[in-house]
Structures are given as C-alpha cells and as structure tokens.
Amino acid sequence: MRVGVWFVVLPGVLSLDLSGPAETLVLARNAFDLHYIGPDPEVETSIGLTFSGIQPLPDNLPAGSLLVLPGVCDSNRFFATPQAEDVRCWLTRLQPQIHSQQLTLMCVCSGALLAARAGLMHGIQCTTHHDVLERLKAAAPGAQVKDNRIFVEDRGIWTSAGITSGIDLALHLINRYCGPRMALDVAREMVVWFRRSGDDPQLSPWLRYRNHIHPAVHRAQDLLSAAPEAAWPIPEIANRVHVSPRHLSRLFQHHLGISVRDYLEQLRLAVAEQRLQQGQRMEQAASAAGFSSLRQFHRARGRSRDA
C-alpha cells in the first residue's frame with residue numbers, strides 16, 4: 001500500500017526543502033504517492049522559478065499520511081503572509097490527528113516554525129536550522145528544542161535541521177516504511193550517504209559503512225549482505241567483484257576502516273540477534289547466522305560490545 005505524502009507549498013518555499021525530499025521519496029519504487037497542496041495554485045520559489053499545479057488545502061488527510069512542511073527562504077517575511085496564516089489555521093485543525101499519530105508530520109528547516117505557531121510543538125523534542133533555533137524556542141516555549149541535530153523524532157513529529165537534511169530525513173523515513181535495502185538503493189542512486197542525529201540509534205550493519213562510492217566495495221558488501229551465513233573465502237569475494245584478494249582487503253580498510261572479516265562478522269551478529277528476538281535458541285541462532293560454534297558467536301559478541 002502506497003503512503004500518501006502531502007507537501008504544503010507556500011510562496012518563497014526553499015526549492016531544495018521541497019525537491020530534495022520529494023525526489024528521494026519518488027525513487028523508492030512507487031512506495032509513496034506525492035501531492036502538493038497550498039493556498040495558492042502557483043508560487044514563486046526561493047530560486048525564482050514558479051511552481052504550479054498546487055491543489056487546495058483539503059479539509060482532512062487520510063489516516064497514515066505523511067504531511068511535509070518545507071521551509072521558506074525568508075521566514076520572517078513569508079511566514080507573515082495571509083497564505084501562511086491560512087496554513088497555520090489549517091494545521092491547528094489537524095492537531096488532533098497529528099498528536100494522535102494518525103498523521104506523521106515532517107518539518108524541513110524553518111517549516112518547524114510554522115508548526116510551532118500552529119500549536120503542534122508543545123512538549124515535543126524538535127530541531128530546525130541553526131539560524132532560527134532561538135525563534136523556534138520563542139514560538140514554542142513548551143517545546144524541547146535541540147541544537148546540533150540533523151533530525152529529531154518525537155511522537156510522530158519529525159523535524160530536521162536545514163535544507164539538505166530533508167534528504168537525510170527522507171532516507172530515514174524510507175528505511176522506516178520500506179526497509180533498509182530500499183533506503184540503501186535510493187541513497188546509492190542519489191550518490192548520498194546516511195547520517196544520524198545524535199538521538200538516533202545506531203544504523204544496522206546493512207546501512208553502516210556505506211558512505212563511499214567505490215563500486216567494487218559496494219558489490220562485495222551486496223554479496224555478503226545477501227548471504228552472511230555463507231563461508232565467503234576472501235579470494236571468492238574478490239573474484240566475484242573482479243579485484244585481487246589483496247586489493248579487496250586494502251579497499252575495505254581504506255573506504256570502511258575495517259577488514260572484510262570484521263564487516264562479515266557484524267552482519268552475522270545482526271542476523272543472530274534477529275533470530276534470538278524471534279525466539280530461537282542461541283545455538284540455532286548462531287548456526288543460522290554462519291558462526292561455526294556457539295563459542296565463536298560469544299567471542300564475536302564480546303568484541304562488538306567492547307568496540
């Protein structure tokens with residue numbers, strides 16, 4: 001089932017706040033259904049281009065929708081317009097749906113200011129662009145405003161720092177909705193990498209160590225990720241990605257900072273932990289993940305915890 005995404009478009013909208021997340025979500029193989037709504041049928045964006053085809057603000061949004069508030073190039077000016085007031089009142093009417101998490105709210109950059117003025121941020125942990133952090137605190141005295149964060153989530157309300165962080169947040173949401181493989185495919189298509197907010201949990205090993213663009217290393221990671229339980233002699237991996245074993249080891253150390261074996265071990269640990277959470281006995285989980293013995297699994301687990 002496709003997720004409905006509703007971008008609220010105001011005059012002065014930051015083009016990358018809108019197009020960055022939109023392009024990211026579109027690449028997720030039709031998992032999202034994008035709509036553009038606002039008080040005006042067309043607006044001039046931050047770069048002078050006119051964006052048209054904007055639909056009127058609907059009375060209600062379907063449950064399960066993702067509502068996106070992009071920022072504007074001059075929030076002092078463009079959030080003081082009659083159009084911004086219309087959106088503020090509209091958001092206030094949606095407050096029960098948002099706070100009950102029937103709708104997910106995504107604020108990019110200064111979009112959090114508009115949400116705050118609509119009364120959506122009281123008691124919520126949030127962030128925004130560093131230039132407007134103090135104004136966000138003033139607009140929502142009851143909010144828990146975080147600085148130095150790429151994005152923050154609290155009770156279905158997502159807020160991000162500035163401009164390109166909307167892409168980071170969109171990738172994270174693809175991971176949430178569609179899984180890590182889809183998020184990774186989109187990130188690689190866009191030639192970008194995953195970043196985490198300070199409050200965000202560690203990325204899974206399927207996403208970690210992917211902040212590079214070397215094709216041979218990505219091919220090797222794809223092989224290992226597809227079947228981490230296999231034996232995988234390094235010469236076989238190297239042969240499959242068309243490099244020498246020595247060069248493959250050098251590439252992993254240079255681009256990932258770890259060895260091929262250490263990377264494979266992290267994948268196997270993740271598989272074993274998943275099996276344990278599904279109720280398998282430790283011996284079964286370790287074997288299914290590719291560990292030769294329970295002792296080897298315990299040693300790997302200890303190394304991971306000490307790292």
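Biologist: Is Thr-92 buried, partly exposed or exposed, and why does Thr-92 count that way?

Modeller: This is a predicted model, and the general idea is to compare relative accessible area with two cut-offs, since buried means under 20% and exposed means over 50%, with partly exposed in between. Thr-92 has a relative accessibility of 32%, and therefore counts as partly exposed. As for its place in the chain, Thr-92 lies in helix α3, which covers residues 82-99.

Biologist: Which backbone atom does the side chain of Thr-92 reach?

Modeller: The side chain of Thr-92 reaches the backbone oxygen of Ala-118, at 3.2 Å. Separation in sequence and distance in space can also be read side by side: Thr-92 and Arg-117 are 25 residues apart in sequence, while their C-alpha atoms are 8.8 Å apart in space.

Biologist: Which residues have the most contacts inside the largest nonpolar core?

Modeller: A nonpolar core is a set of buried residues of certain kinds, joined through side-chain atoms within 4.5 Å. The largest one here has 36 residues, and those with the most contacts inside it are Leu-67, Trp-90, Leu-91, Ile-98, Leu-105 and Met-121. Several elements supply at least two residues each, including β1 (3-8), β5 (66-69) and α4 (111-117), and the largest share, six residues, comes from α3. Apart from this core lies another, of 32 residues, among them Ala-31, Val-108, Leu-169 and Ala-187.

Biologist: What is Ile-98 in contact with, leaving aside its neighbours within four places in sequence?

Modeller: With those neighbours left out, Ile-98 is in contact with Leu-67, Leu-103, Leu-105, Leu-120, Arg-155 and Ile-157.

Biologist: Where is His-129, and why does His-129 count as buried?

Modeller: His-129 sits in the loop between β7 (125-126) and α5, and counts as buried because its relative accessibility is 17%, with the cut-off for buried being under 20%. The side chain of His-129 reaches the backbone nitrogen of Asp-131 at 3.0 Å, and, not counting residues up to four places away in sequence, His-129 touches Cys-109, Ser-160, Ala-161 and Gly-162.

Biologist: How many helices and strands does the chain have, and what share of its residues is buried?

Modeller: The secondary structure comes to 13 helices and 10 strands, and buried residues make up 50% of the 307 residues in the chain. For contacts, the idea is to ask how far apart in sequence the partners are: of the contacts with a separation of 6 or more, 62% are between residues 24 or more positions apart.

How values were computed
Residues numbered from 1 in each chain as written. Predicted model: local features only at pLDDT ≥ 70, side-chain atom pairs only at ≥ 80, totals over all residues. Heavy atoms only, no water. Helix = DSSP H or I, 4+ residues; strand = E, 2+ residues; numbered from the N terminus. Buried < 20%, exposed > 50% of the residue type's maximum accessible area, 1.4 Å probe, protein only. Polar contact = N/O pair within 3.5 Å; in protein donor to acceptor, adjacent residues only side chain to side chain. Contact = heavy atoms within 4.5 Å.
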